[in-house]
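Me: I am new to this structure and would like to walk through it step by step. Could we start with a term that will come up often, and then look around together?

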Amino acid sequence: MSIFLAFVVLTMIIVIRSGRNSKSANDYYAGGRSFTGPQNGFAIAGDYLSAASFLGIVGAIAVNGYDGFLYSIGFLVAWLVALLLVAELMRNTGKFTMADVLSFRLKQGPVRMAAATTTLAVCLFYLLAQMAGAGGLVALLLGIEDKLGQSIVVAVVGVLMIVYVLVGGMKGTTWVQIVKAFLLMTGAGIMTIWVLVLNGFNLSKLLDTAVAASTSIPADAILSPGLQYGGNPLDFISLAIALVLGTAGLPHVLMRFYTVPTAREARRSVVWAIWLIGVFYLFTLILGYGAAALVGPDTIKSAPGGVNSAAPLLALSLGGPVLMGIISAVAFATILAVVAGLTITAAASFAHDIYANVIKKGKVNPDAEVKVARRTVIVIGILAIAGGIGVQGQNIAFLVALAFAVAASSNLPTILYSLYWKGFTTRGAVWSMYGGLGLTVLLIVFSPVFSGTPTSVFGEAVDFAWFPLNNPGIVSIPAGFLLGWLGSITSTRKEDPRIAAEMKVRSLTGHGAEKASEH
């Protein structure tokens, strides 16, 4: 607990020191665009390597083996879509939020409103996963097994998150993410080497030990595909599509491209992020099978926090309470940093897109806009606490996959059409965003995620599921693209070709982007 509290105090000091310089809207939303490519690369990695990556994936590999590792592959490959198709063009065209890009050549009001709605939905889904992880992690540390105790923990995390974002803004949040990425890479690296040393750097020996420890499943099942998704291969394909296409539509990751001064630095930051994230996901393979070998899947599933407790329990078996304290503190810092990033993205979207540009029609004092953003932080924090209490016990890698499905269905089609198709219209954007979001949420609510199975939100006693897949990506993502195309070709009002040409020049060259970022 003392190690744990020391980490919280350290990150709070960083936030307070950074927050002193957050005076303007540019400082609060984009950190004054003062970060270099490598710094922002660490921050992106810090934002992206969430509790799902560390706690959820290690747990998924420990319990489901090969099928769990597919999360790692999906999350990593997704970065290629973000790097090749989105990163530089977004940085050149936008100012603070995703909606700046989407509304550049379309009608401001309806497009900004739709983009802000989808941003808030993605952030809320993602926040639920982080809060569930925080509750399980601290419950494991303190040995709290009852729901009330875990709910109090979730509430404390929510309050801490609100303080971080109110005080530090984007600058404070970014520095916390940089420190957290460094600590996470170091902690995971040490544990990986430790596990390999115990097995004589022999991967076959590690896998054999993991198979021997997994007594409750058929022999070698942990090394073969199908343990988790064998019953319904379509569910796996749906999950894979959502993971690979979701990253390029995640608003809190896209917002990171605005914290660097130039498009070149945005490219550099993504390359740094890919290296860091790629190495980390290789670590998860060793850590997951290490947890299966040294702790055992049955012990992991029965611990407070369930599947999400695999990494801290592995640390306990390797280095005792000290290493467990350090790894749990790093995981907690991971949750706080990601939650802060999500919250500031959601607050910026509401204040900048809905309040400043839709309600006030762009005629607003930047100080008043930042005030609205700070109030929004408190509201989002309360919603995240309530939702986090509701989803306790769910695998957080799985919950994050749902956020990816929402992002890929509602945001990605509109982003790609806006950047690459000159025939795209306001109607197409609105149909794509609202339609993709509505369909995804509808299918999730009527899927086994909510009812009909022991791991559902409402348990197996309640059953109103009619959609057979856990992840709706295979249906909702094509639907988002189809609605965008359909809305555009049926639209009678065509967009101004001159603004479309200006957007193309700016997105490809960066000309005019620096001027926009000063205001």
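Reply: Happy to. Buried means under 20% relative accessible area, exposed means over 50%, and partly exposed is in between. Please keep in mind that this is a predicted model.

Me: With that cut-off, is Tyr48 buried or exposed?
Reply: The relative accessibility of Tyr48 is 2%. Buried means under 20%. Tyr48 therefore counts as buried.

Me: Which residue forms an edge-to-face aromatic pair with Tyr48?
Reply: The structure holds 16 aromatic pairs. In one of them, which is edge-to-face, the ring centres are 6.2 Å apart and the planes stand at 85°; it joins Tyr48 and Phe75. This pair links distant parts of the chain, with Tyr48 in helix H3 and its partner, 27 residues apart, in helix H5. The partner asked for is Phe75.

Me: Is Phe75 buried or exposed, too?
Reply: Phe75 has a relative accessible area of 2%. The limit for buried is under 20%, so Phe75 is buried.

Me: What kind of pair do the rings of Phe75 and Phe404 make?
Reply: Their centres are 5.0 Å apart and their planes are at 50°. Planes under 30 degrees apart count as stacked and over 60 as edge-to-face, with the rest as tilted. The angle between Phe75 and Phe404 falls in that last group, so the pair is tilted.

Me: How many residues apart are Phe75 and Phe404?
Reply: Both Phe75 and Phe404 are buried. Phe75 belongs to helix H5 and Phe404 to helix H16 (residues 396-410), so the pair links distant parts of the chain; the separation is 329 residues.

Me: Which residues form one aromatic cluster that includes Tyr48 and Phe75?
Reply: The rings we have just met belong to a wider group. Its members are Tyr48, Phe54, Tyr71, Phe75, Trp79, Tyr126, Phe280, Tyr281 and Phe404.

Me: Let's step back to the whole chain. How many helices and strands does the protein chain have?
Reply: Several helices have already come up, among them H3 (residues 37-48) and H5 (residues 66-93). For the protein chain as a whole, the counts are 21 helices and zero strands.

Me: What is the radius of gyration of the protein chain, and what would a compact globule have?
Reply: The C-alpha trace spans about 65 × 50 × 40 Å along its principal axes. With 519 residues, a compact globule would have a radius of gyration near 24 Å, and the value for the protein chain agrees with this: 22 Å.

Me: What percentage of contacts between residues at least 6 apart join residues at least 24 apart?
Reply: As background, buried residues make up 62% of the 519 residues. Among contacts in the protein chain between residues at least 6 apart in sequence, the share joining residues at least 24 apart is 83%.

Me: Which residues does Gly41 touch, leaving out those up to four places away in sequence?
Reply: Gly41 is part of helix H3, and at 0% relative accessibility it counts as buried. Its C-alpha atom is 9.3 Å from that of Arg267, although the two are 226 residues apart along the chain. The residues that Gly41 touches are Ser269, Trp272, Ala273 and Leu276.

Me: Where is Gln177, and which residues are in contact with Gln177 beyond four places in sequence?
Reply: Gln177 sits in helix H8 (residues 147-198). Its relative accessibility is 0%, so Gln177 counts as buried. The contacts of Gln177 are Phe42, Ala43, Gly46, Asp47, Arg256, Ala337 and Gly341.

Me: How far apart in space are Ala347 and Thr376?
Reply: Ala347 lies in helix H14 (residues 310-359) and counts as buried at 1% relative accessibility. Ala347 touches Ala373, Thr376, Val377 and Ile380. Ala347 and Thr376 are 29 residues apart in sequence, and their C-alpha to C-alpha distance is 5.3 Å.

Me: Now to the surface. Which helix gives the most to the nonpolar patch?
Reply: This patch of about 540 Å² is made by Ile73, Val77, Leu80, Leu84, Leu85 and Tyr420. Tyr420 is in helix H17 (residues 412-420), and at 47% relative accessibility Tyr420 counts as partly exposed. With five residues, the helix that gives the most is H5.

Me: Is Phe201 buried or exposed?
Reply: Phe201 is in the loop between H8 and helix H9 (203-213). Its phi is near 55°, a positive value in a residue other than glycine. At 56% relative accessibility, Phe201 counts as exposed.

Definitions and conventions: Residues numbered from 1 in each chain as written. Predicted model: local features only at pLDDT ≥ 70, side-chain atom pairs only at ≥ 80, totals over all residues. Heavy atoms only, no water. Patch = residues over 30% accessible without salt bridge, like charges linked within 9 Å, V, L, I, M, F, W, Y side chains within 5 Å. Areas by Shrake-Rupley, 256 points an atom, 1.4 Å probe, with all protein chains shown as cover. Salt bridge = Lys/Arg side-chain N within 4 Å of Asp/Glu carboxyl O. Helix = DSSP H or I, 4+ residues; strand = E, 2+ residues; numbered from the N terminus. Buried < 20%, exposed > 50% of the residue type's maximum accessible area, 1.4 Å probe, protein only. Rg over C-alpha atoms; globule rule 2.2 N^0.38 Å. Contact = heavy atoms within 4.5 Å. Phe/Tyr/Trp six-rings, centres within 6.5 Å; stacked < 30°, edge-to-face > 60°.
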